Amino acid sequence: MVKVNVVNRGHQQLPAYATPQSAGMDLRANLDAPVTLHPMERRLIPTGLYIALPEGYEAQVRPRSGLALKHGITVINAPGTIDADYRGEVGVALINLSQQDFTVNDGERIAQMVIARHEQGEFVVVEQLDETERGEGGYGHTGVR
């Protein structure tokens, strides 16, 4: 398990895994007053959390499936990436894709955060790519079934 330094300037509990095999930890809204998202409105919801990830890691902010399915609330830049050198407050960019207002309340679980190892790539300019069976087929080229 990777150690992540955290400063909690909010009044919510720290994110935690709900089960022993959970990939993501729930992030909670840290609000002084409820925030209402109108249909198609997007807002940055604060969490009160500041983190320092080890080099080679990122935190991915992802939607919660229940909010997405039941209310049409999702993370607009899903997954949002928090880089290892970012030291600002963790915010969650939510959007209301439903046709009804949705109110985010203080302490509400609004997203999941997944800590993941990553690699950096280096582009190497070549004249031609190797051939594969798939080739240039993409965006549904294999059909529906």
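This report walks through the strands, the nonpolar core and the open and closed spaces of one structure. Please keep in mind as you read that this is a predicted model.

**Strands side by side**

A good place to begin is strand 8 (89–96). Strand 8 pairs with strand 4 in the antiparallel sense, and 6 bridges link the two. If you would like a spot to look for, find arginine 42, which stands opposite isoleucine 95 in strand 8. Strand 8 also runs antiparallel to strand 6, joined to that strand by 3 bridges. Here valine 75 stands opposite leucine 94 in strand 8. In a regular strand, side chains alternate between the two faces of the sheet.

**The nonpolar core**

Leucine 94 comes up again in the core. The largest nonpolar core has 27 residues, and Leu94 and Val104 are the ones that touch the most other members. Many strands take part: two or more residues each come from strand 2 (25–28), strand 3 (35–37), strand 4, strand 5 (57–62), strand 6 (73–75), strand 8, strand 9 (102–104) and strand 10. The largest share of this core belongs to strand 10, which gives 4 residues.

Which residues does valine 104 touch, leaving aside those up to four places away in sequence? Valine 104 touches Ala29, Leu31, Pro34, Val35, Leu37, Ile45, Leu94 and Ile110. In soluble globular proteins, nonpolar side chains tend to be buried together.

**Pockets and a cavity**

Now for the spaces. The table sets out two pockets and a cavity.

| Space | Volume | Lining by class |
|---|---|---|
| Largest pocket | about 270 Å³ | 12 nonpolar, no polar and 1 charged residues |
| Second largest pocket | about 160 Å³ | 8 nonpolar, 4 polar and 1 charged residues |
| Largest cavity | about 50 Å³ | 4 nonpolar, 3 polar and 2 charged residues |

The largest pocket is lined by 13 residues, and those nearest its centre are Val4, Pro15, Met25, Met113 and Ile115. Strand 4 (42–52) and strand 10 (109–117) each bring at least two residues to the lining of the largest pocket.

The second largest pocket has a volume of about 160 Å³. Of the 13 residues in its lining, Val61, Asn77, Gly80, Ile82 and Gly91 are the closest to the centre. At least two lining residues each come from strand 7 (80–82) and strand 8. The largest share of this lining, 5 residues, is supplied by strand 8.

How many cavities of 30 Å³ or more does the model hold? The count comes to 1. Around the largest cavity you will find Gln12, Gln13, Leu14, Pro15, Asp26, Leu27, Arg28, Thr47 and Leu49. Strand 2 and strand 4 each supply at least two residues of this lining, and the largest share, 3 residues, comes from strand 2. Pro15, listed here for the cavity, is also one of the residues nearest the centre of the largest pocket.

**A look at lysine 70**

Our last stop is a residue in a helix. Lysine 70 lies in helix 1, which covers residues 65–71. Is lysine 70 buried or exposed? Lysine 70 has a relative accessibility of 68%, so it counts as exposed, the cut-off for that word being over 50%. Lysine 70 and serine 98 are 28 residues apart in sequence, and their C-alpha atoms are 9.4 Å apart in space.

Key. Residues are numbered from 1 along each chain as its sequence is written. This is a predicted model: local features need pLDDT of at least 70, side-chain atom pairs count only at pLDDT 80 or more; totals for chains, interfaces and linings use all residues. Side-chain values use heavy atoms; hydrogens and water are left out. On a 1 Å grid over the protein atoms alone, a cavity is a set of points where a 1.4 Å probe fits but cannot get out, and a pocket is an open set with protein on both sides within 12 Å along at least five of seven lines; lining residues have an atom within 4 Å of a point. Grid points are joined across faces, edges and corners, and a volume is the space filled by probe spheres set on the points. Ala, Val, Leu, Ile, Met, Phe, Trp, Tyr, Cys and Pro count as nonpolar, Asp, Glu, Lys and Arg as charged, and the others, Gly among them, as polar. A nonpolar core is a set of buried Ala, Val, Leu, Ile, Met, Phe, Trp, Tyr and Cys residues joined through side-chain atoms within 4.5 Å. Buried means under 20% relative accessible area, exposed over 50%, partly exposed in between (1.4 Å probe, protein chains only). Contact means heavy atoms within 4.5 Å. Two strands pair if DSSP finds at least two bridges between them.
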